[in-house]
Amino acid sequence: MAQCKYLSSTTFTFLILISHFSFIIAKTASFPEEDKKIYIVFTENSDYENILATVMGSEEAAKEAIIYNYKNELNGFAASLTPEQASRLKEQQGVLNIIPDRSLSLDRGFEGQT
């Protein structure tokens, strides 16, 4: 029986999947995100990136961490931070308060009752 010079499509697909999953595992192991949470940060002014850069190390890292800017009724932003970063940020000048974000759900206990 002659040997095949080329990989079968099944073997090739298997190798691609293994390399893909190896990359995902390596990336997850290198950059653990499980300790990051969303925090809402209330500030005196709208200089969010500079305030956050003092804790994150750079304005680029601060831009990546900011999820949402609050501009209409109050000054503040929501950012993905570790508890240590949130603690250090709370001590920065211009930061009024930091609270962890939380999910709320509507109480539907009276639905369908007359």
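In the predicted model, Glu 49 lies in helix H2, which spans residues 48-56. The relative accessible area of Glu 49 is 31%, so the residue is classed as partly exposed. Together with Asp 47, Glu 59, Glu 60 and Glu 64, Glu 49 forms a surface patch of negative charge. The main contributor to this patch is helix H3 (residues 59-65), which supplies three residues. Because membership of a patch requires over 30% relative accessible area and no salt bridge, the 31% computed for Glu 49 meets the accessibility criterion.

The chain as a whole contains four helices and four strands, arranged along the sequence in the order α-β-α-α-β-β-α-β. Of its 114 residues, 23% are buried. The accessible surface amounts to about 9,300 Å², with carbon and sulfur atoms accounting for 55% of that area. When contacts between residues at least 6 apart in sequence are considered, 64% of them link residues at least 24 apart.

Helix H2 carries a set of buried residues, namely Tyr 48, Ile 51, Leu 52, Ala 53, Val 55 and Met 56. These residues pack against strand E1 (37-43), helix H3, strand E2 (66-70), strand E3, helix H4 and strand E4 (95-100). Within this set, Val 55 has a relative accessible area of 7% and is therefore counted as buried. Beyond the residues up to four places away in sequence, Val 55 touches Gln 85, Arg 88, Leu 89 and Gln 92. One of these partners, Gln 92, is 37 residues from Val 55 along the chain, yet the two C-alpha atoms are separated by 8.7 Å. Helix H2 is followed by Gly 57, which adopts a positive phi near 105°.

Leu 89, one of the contacts of Val 55, belongs to helix H4 (residues 83-90). Its relative accessible area is 0%, and Leu 89 is accordingly buried. With residues up to four places away in sequence excluded, the contacts of Leu 89 are Val 41, Ile 51, Leu 52, Val 55, Phe 77, Leu 81, Val 95 and Ile 98. Among them, Val 41 is separated from Leu 89 by 48 residues along the chain, while the distance between their C-alpha atoms is 8.8 Å. Two further members of the list, Ile 51 and Leu 52, are also among the buried residues of helix H2.

Helix H4 also contains Arg 88 and Glu 84, which are four residues apart, about one turn of the helix. An α-helix has 3.6 residues a turn, so residues three or four places apart point the same way. Arg 88 and Glu 84 are joined by a salt bridge, in which the closest N and O atoms are 3.0 Å apart. Side chains of opposite charge can pair when their charged atoms come close. The search of the whole structure yields one salt bridge. The two partners are covered to unequal degrees: Arg 88 is partly exposed at a relative accessible area of 34%, whereas Glu 84 is exposed at 54%. Arg 88 is also in contact with Val 55, a residue of helix H2.

Thr 82 occupies the loop between strand E3 (76-81) and helix H4. With a relative accessibility of 14%, Thr 82 falls under the 20% cut-off and so counts as buried. Apart from neighbours within four places in sequence, Thr 82 makes contact with Asp 35, Lys 36 and Tyr 39.

In strand E2, Ile 66 is likewise buried, with a relative accessible area of 16%. Setting aside neighbours within four places in sequence, the contacts of Ile 66 comprise Tyr 48, Glu 49, Leu 52, Phe 77, Ala 78 and Ala 79. Tyr 48 and Leu 52 are among the buried residues of helix H2, while Glu 49 is a member of the negative patch. The C-alpha atoms of Ile 66 and Ile 40 are 9.9 Å apart, with the two positions 26 residues apart along the chain counted as their separation. Phe 77 appears in the contacts of Ile 66 and also in those of Leu 89.

Key
Residues numbered from 1 in each chain as written. Predicted model: local features only at pLDDT ≥ 70, side-chain atom pairs only at ≥ 80, totals over all residues. Heavy atoms only, no water. Patch = residues over 30% accessible without salt bridge, like charges linked within 9 Å, V, L, I, M, F, W, Y side chains within 5 Å. Areas by Shrake-Rupley, 256 points an atom, 1.4 Å probe, with all protein chains shown as cover. Salt bridge = Lys/Arg side-chain N within 4 Å of Asp/Glu carboxyl O. Lys, Arg positive; Asp, Glu negative; His and termini not counted. Charge placed at Lys NZ, Arg CZ, Asp CG, Glu CD. Helix = DSSP H or I, 4+ residues; strand = E, 2+ residues; numbered from the N terminus. Buried < 20%, exposed > 50% of the residue type's maximum accessible area, 1.4 Å probe, protein only. Contact = heavy atoms within 4.5 Å.
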